[in-house]
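Please look at the sequence and the 3D structure below. The text after them goes from the chain as a whole to single pairs of side chains.

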2 protein chains.
Amino acid sequence: MTIGLAPGPRVRKAVPVNSLRSEYALDDVDWRILTELQRDGRLSFNELGRRIHLSAPSVADRVRKLEQAGVITGYRAVVDPQRAGHGITAFVQLRCALGSCLLRTGRAADYPEVVEIHKLSGAHCTILKLRATTLAHLEGVIEQLGRHGEMHTHVVLSTQFDEPTVSRPGTVDRPVTPATGWTSPAD
Amino acid sequence: MTIGLAPGPRVRKAVPVNSLRSEYALDDVDWRILTELQRDGRLSFNELGRRIHLSAPSVADRVRKLEQAGVITGYRAVVDPQRAGHGITAFVQLRCALGSCLLRTGRAADYPEVVEIHKLSGAHCTILKLRATTLAHLEGVIEQLGRHGEMHTHVVLSTQFDEPTVSRPGTVDRPVTPATGWTSPAD
DNA sequence: ATTGAAATTGATTGTCA
DNA sequence: TGACAATCAATTTCAAT
């Protein structure tokens, strides 16, 4: 009963990552949809409508508009890095040498270990989030990256919280998701 | 055709976050499933099986095992923070005062703005990722957080890459997802 | 693990308020 | 815009090979 119940078609495509830079105004209904869909991205229009008290055709329309407006950029399964063999997480701050900035030269995205790249204000121009299988693995990546400039490495000992969910601006309804599934690399 | 095609049932529940600390060994098939499901979390067993050349019942079985093993922890819609009104992202490093460590006292998870909490090695004991609607908003949060210890704030100017996807350890098949939908707070 | 069949559920359409 | 009802299509699941 906990397991899958019923069959039925569901073929909505992942996401046409169309970028319409229109300022889509989100109302209450939109936010309820986003909340539910961030909690369970596989909800059917039927079930979703049931939860937010709206008819299936209506929610379908809303969802499509949210997708086309670029608010919803996709649907994905969330994989626990630990259980998938990527036990090590690290943050790397680096100040790029002018000529060899990682963002321009090395194509940091070429490293599968690089999960995030952000340009920052402050002394260090960039912060990277890395994910590696072992410390040895991490060491290798760090070594490679080191060529792109001065860097500071911070190895994550444990992750207390990691919830990409976007919540409604004026609301403090964080679903209090305890760090389930997130553990120390050493535990 | 780009839009939804066909109807059909799909009621698989979000995720029984059961924590079975069994070392589930992932083989090639598992990784192909994870890859596809991370790309499109709404794939049906049929379509998924079609893509990895496996029968629907088989993939269903696999997926269920991956869920129960805690490898797949959920399915969620991905929302673009920018388009959802959260234009500001920031990293905060803080060294907790012994008595008032954020992780123990303040329940950092109570702040909806706190999206990630990691304990670190190195001088600063913790790194937080924040998400706010405006700089003023961020300022307020920072101020609150400041009571928990010495901290360094880094505001994200732009995000080049943000792909939570977990890739197969030995593989370098990163889908080269350009920073679509990720832009500077100021653009 | 695959193939087949049955049952169920979901998506979509058109119409009305 | 949303709700309702009906049609159609695809999926899930179960059985047996």
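The paragraphs below take up chain A, then the barrel, then the helices beside it, and then the salt bridges.

The model is predicted. Chain A has 187 residues, and 48% of them are buried. A residue is called buried here if its relative accessible area is under 20%. The accessible surface of chain A comes to about 8,500 Å², and carbon and sulfur atoms account for 56% of that surface.

What does chain A contain in the way of helices and strands? It has four helices and five strands. Their order along the sequence is α-α-α-β-β-β-β-α-β. Contacts in chain A can also be sorted by how far apart the two residues are in sequence. Of the contacts between residues at least 6 apart, 66% join residues at least 24 apart.

The strands are the next topic. Strands of a sheet pair through backbone hydrogen bonds, and the pairing is either parallel or antiparallel. In this model eight strands close into a barrel, and their pairing is antiparallel. To follow the barrel round, start at β2(A) and go on to β4(A) and β3(A), then pass through β5(B), β2(B), β4(B) and β3(B), and end with β5(A). From one strand to the next, the twist averages 35°.

One pair from the barrel can be examined in detail. Strand β2 of chain A covers residues 88–96, strand β4 of chain A covers residues 126–132, and the two run antiparallel. Seven bridges join them. As an example, V92(A) has L128(A) in β4(A) as its bridge partner.

A helix lies across these strands. Helix α4 of chain A, residues 135–145, lies across β2, β4 and β5 of chain A, and it runs at about 150° to β4(A). In chain B, helix α4 (residues 135–145) packs on the sheet and touches β2, β4 and β5 of chain B. Its direction makes about 150° with that of β4(B).

Charged side chains are the last topic. How many salt bridges are there over all chains? The count comes to 24. One of them is formed by E116(A) and K129(B), whose closest N and O atoms are 3.0 Å apart. E116(A) lies in strand β3 of chain A and K129(B) in strand β4 of chain B, so this salt bridge joins two chains. Are its two residues buried or exposed? E116(A) counts as buried because its relative accessibility is 3%, and K129(B), at 3%, counts as buried too.

A salt bridge in chain B is formed by D27(B) and R62(B), with 3.0 Å from N to O. D27(B) lies in the segment before α1 and R62(B) lies in helix α3, so the pair ties together parts that are 35 residues apart in sequence. D27(B) is partly exposed, at 32% relative accessibility, and R62(B) is partly exposed with a relative accessible area of 23%.

Helix α3 of chain B also holds D61(B) and K65(B), which are four residues apart, about one turn of the helix. These two form a salt bridge, with their closest N and O atoms 3.1 Å apart. D61(B) counts as partly exposed at 38% relative accessibility, and K65(B) counts as partly exposed at 41%.

Salt bridges can also link up into a network. In chain A, such a network links E36(A), R39(A), E47(A), R50(A) and R51(A).

Definitions and conventions. Residues are numbered from 1 along each chain as its sequence is written. Chains are lettered from A and ligands numbered from 1 in the order in which they are written. This is a predicted model: local features need pLDDT of at least 70, side-chain atom pairs count only at pLDDT 80 or more; totals for chains, interfaces and linings use all residues. Side-chain values use heavy atoms; hydrogens and water are left out. Buried means under 20% relative accessible area, exposed over 50%, partly exposed in between (1.4 Å probe, protein chains only). Contact means heavy atoms within 4.5 Å. Accessible areas come from the Shrake-Rupley method with a 1.4 Å probe; for residues, only the protein chains shown count as cover. Two strands pair if DSSP finds at least two bridges between them. Axes are lines fitted to C-alpha atoms, for helices over the stretch in contact, and angles run from 0 to 180 degrees between N-to-C directions. A salt bridge is a side-chain nitrogen of Lys or Arg within 4 Å of a carboxyl oxygen of Asp or Glu.
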